[in-house]
Amino acid sequence: MSSSVIVRYKECRRNHAISVGLQAVDGCREFMTPAAETAEQVVSGGGGDQRGFLCAACGCHRNFHRKEIIKDGAIVHYGILRLNPSRLLPA
């Protein structure tokens, strides 16, 4: 039995007001892939070109967008950092 895994990049979380100590996001709701020719250049190793990882809507790198992993039809990762409190305590 093969399992299907789908990875989606959702809303942008880049804080554009960090330099003044505030929180402001740009409102981009979902990562949009660039033109097909740019994506093909990145996949083929087009000289370290990073344009394939930039959102066509907001211009931010894909890493600023929340990652959502869907395995066999169920969401298994929402891109939310979860801390285990027991690991924060000294041994």
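1. A polar contact is a pair of N or O atoms within 3.5 Å; within protein, one atom must be able to donate a hydrogen and the other to accept it. In this predicted model, a polar atom of the Asn15 side chain lies 3.0 Å from the backbone oxygen of Leu22.

2. Both residues of this pair belong to a loop. Leu22 is located between strand S1 (5-12) and helix H1 (36-43), and Asn15 is likewise found in the loop between S1 and H1.

3. The surroundings of the two residues may be listed with neighbours within four places in sequence left aside. On that basis, Leu22 is in contact with Asn15 and Ala17, while Asn15 is in contact with Leu22, Gln23 and Ala24.

4. Is Leu22 buried or exposed? Its relative accessibility is 55%; since the exposed class begins over 50%, Leu22 counts as exposed.

5. Strand S1, which precedes this loop, also takes part in a sheet. The sheet is open and has three strands in the order S1-S2-S3, with antiparallel pairing. S1 and strand S3 (74-77) stand at the edges; each has a single partner strand, so one side of each is left without a neighbour in the sheet. From one strand to the next, the twist averages 40 degrees.

6. As general background, the strands of a sheet pair through backbone hydrogen bonds, in either a parallel or an antiparallel manner. How many bridges join S1 to strand S2 (residues 65-71)? Six bridges join these two strands, which run antiparallel. As one residue-level example, Arg8 has Glu68 as its bridge partner in S2.

Methods
Residues are numbered from 1 along each chain as its sequence is written. This is a predicted model: local features need pLDDT of at least 70, side-chain atom pairs count only at pLDDT 80 or more; totals for chains, interfaces and linings use all residues. Side-chain values use heavy atoms; hydrogens and water are left out. Helices (H or I, at least four residues) and strands (E, at least two) are DSSP runs, numbered from the N terminus. Buried means under 20% relative accessible area, exposed over 50%, partly exposed in between (1.4 Å probe, protein chains only). Contact means heavy atoms within 4.5 Å. Two strands pair if DSSP finds at least two bridges between them. Axes are lines fitted to C-alpha atoms, for helices over the stretch in contact, and angles run from 0 to 180 degrees between N-to-C directions.
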